[in-house]
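Ready for a few exercises? Have a look at the model below, try each task yourself, and then compare your steps with the worked solution.

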Amino acid sequence: MPAEPTDTIVGVNVELKGSLKNRGPIHIHGTVIGDVSSDSLVVIGETAVVTGPITARQVDVQGQVNGSITAEEQIELQPKCVVKGDLITGRLSIKPGAIFIGKSQMPGPDEELPAGEKKKPRVEIE
Amino acid sequence: MYYYLFEAQHGPKEYERVAQIKELLSSLGIAGEMATPAPGHGVEDLVASAIAKRYSTVIAVGGIELVNRVAHALEPYDAVFGIIPIFDHPDIARLIGTSDWKTAAEQLKRRRWRPIRLGSMNGSAFFVMPAHVEVPTDVSYEITGPDFVVTGLGQPITVVAAEQLEVQIGESGIVKRGFLKSLFTDATVSTSVSEFRFDKFDLTCSREVTVKVAGVPMVVTPVQFRLQDKELKLIVGKGLSE
């Protein structure tokens, strides 16, 4: 039986350079320069600064991202977050106070997302 | 069948606990040969002696330092490894699923085991207990793995040998996730703590820092952390065995 995916956490006091990949969730509170990918959830915490592309099933952004975000299921941009980059996802939620500079692309029901999943487009802007 | 390696006792509480353990082992019907390391008869000698006498199970009865030394001494052999902690310790709970001596003794009788791999440092120092590095506040560190590099300043670093090398930065003591996640489901990790897993990695610091296992200095930085290929069969509780 395969091992249960475990969390990877980048703490507020560390800087990571390179390619961060994990089957399980990734929580980032520090600085990451490079690409981030997970088969599960990526959480960009309030204190986090990520420079590079992010790919995951779901992405929750509370901090700063300078790079594209691709999420098969959902991207949530929380209040006070800053995202400079393009978004590709099946479902997008932008909360009041979030700053988003870039383009968003939401594949239609017959289009395939990069990871191969079909999703009905849905946008929530509060 | 069972060979018990007891830690040398130093106080009345330890004498009393060891007597209780011996009594319980007898009542469980698993009392075997018992020995205590002494000058001239170290842990490595006693383990080699147990294997020569064809004991199939070697048990460390004591604290984390003894457990680490017995695990290292057993690595060349195929004998099953057991642990009875004299006193509670979270690092032992991580390994066998309990830090209670009575439960640990009862687990021996059932003889459920799982494979574990030892960690190595610079190819010479081995560990089954977590390795700790207290990086002083004025010292920077760099952890270089196959895919990424992590840098920081002055934080405690803990390395646990499991299916991979689990690294926790920012909080000394036990690693709350990984195996302990199932034991402490309410564990919360602050944003200052980092957790990574590697198959191998190197640790360097801006000046020499000592790496300790079970409080014993093992090596100084720079250190190459690796997992040993050979697996030990460790007796564990229900739920941790394969």
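Angles under 35 degrees between helix axes count as roughly parallel, over 145 as roughly antiparallel, 65 to 115 as roughly perpendicular and the rest as oblique. This is a predicted model, in which local features need pLDDT of at least 70, side-chain atom pairs count only at pLDDT 80 or more, and totals for chains, interfaces and linings use all residues. Residues are numbered from 1 along each chain as its sequence is written, while chains are lettered from A and ligands numbered from 1 in the order in which they are written.

**Exercise 1. Two helices of chain B**

Task: Describe how H1(B) and H5(B) pack, and which residues meet.

Solution: Start with the elements. Helices (H or I, at least four residues) and strands (E, at least two) are DSSP runs, numbered from the N terminus. H1(B) covers residues 12-28 and H5(B) residues 101-110.

Next comes the geometry. Axes are lines fitted to C-alpha atoms, for helices over the stretch in contact, and angles run from 0 to 180 degrees between N-to-C directions. The two axes lie 10 Å apart at an angle of about 30°, and therefore H1(B) and H5(B) are roughly parallel to each other. The crossing is right-handed; a crossing has that hand if the near helix is turned clockwise from the far one by less than a right angle, and is left-handed if anticlockwise.

Finally, find the contacts (C-beta atoms, placed from the backbone, within 7 Å). From H1(B) come Arg17(B), Ile21(B), Leu24(B), Leu25(B) and Leu28(B), which meet Trp101(B), Lys102(B), Ala105(B), Glu106(B) and Lys109(B) of H5(B). By class, this contact has six nonpolar, no polar and four charged residues. Here Ala, Val, Leu, Ile, Met, Phe, Trp, Tyr, Cys and Pro count as nonpolar, Asp, Glu, Lys and Arg as charged, and the others, Gly among them, as polar.

**Exercise 2. Burial in chain B**

Task: Is Ile157(B) buried or exposed, and which residues does it touch?

Solution: Recall the cut-offs first. A residue is buried if 20 or more other C-beta atoms lie within 10 Å of its own, exposed if 12 or fewer, and partly exposed in between, with C-beta atoms placed from the backbone. Ile157(B) counts as buried because it has 24 C-beta neighbours inside 10 Å.

Now place the residue: Ile157(B) belongs to strand E10 (residues 156-161) of chain B. Leaving out residues up to four places away in sequence, Ile157(B) touches Val133(B), Val135(B), Tyr141(B), Val167(B) and Ile169(B). Its C-alpha atom is 6.4 Å from that of Glu134(B), 23 residues apart along the chain.

For a whole element, turn to H3(B), residues 64-74: 10 of its 11 residues are buried, so this helix is largely enclosed by the rest of the structure. Among the buried ones are Asn68(B), Arg69(B) and His72(B).

**Exercise 3. Strands within chain A and across the interface**

Task: How many helices and strands does chain A have, and how do some of its strands pair?

Solution: Chain A has zero helices and 17 strands. Of its 126 residues, 38% count as buried.

Then follow the pairing, which requires that DSSP finds at least two bridges between two strands. E4(A), residues 26-28, pairs with E7(A), residues 41-44, in the parallel sense over three bridges, and Ile26(A) stands opposite Val42(A). E7(A) also pairs in the parallel sense with E9(A), residues 54-61, over four bridges, where Val43(A) has Asp60(A) as its bridge partner.

Last, cross to chain B. Strand E2 (residues 15-18) of chain A runs antiparallel to E9(B), and four bridges join them; Leu16(A) stands opposite Val150(B). The contact between the chains takes 21 residues from chain A and 20 from chain B. On the chain B side, E9(B) gives the most, with five residues. That side has seven nonpolar, eight polar and five charged residues.

**Exercise 4. Backbone exceptions**

Task: Where do Lys80(A), Ala214(B) and Pro222(B) lie, and what is notable in the backbone there?

Solution: Begin with the usual case. Most residues other than glycine have a negative phi, and most peptide bonds are trans.

- Lys80(A) has a positive phi near 80°, lies in the loop between E11(A) and E12(A), and counts as partly exposed because it has 14 C-beta neighbours inside 10 Å.
- Ala214(B) has a positive phi near 55°, lies in the loop between E14(B) and E15(B), and counts as buried, with 20 such neighbours.
- Pro222(B) lies in the loop between E15(B) and E16(B), and the peptide bond from Thr221(B) to Pro222(B) is cis, with omega near 5°.
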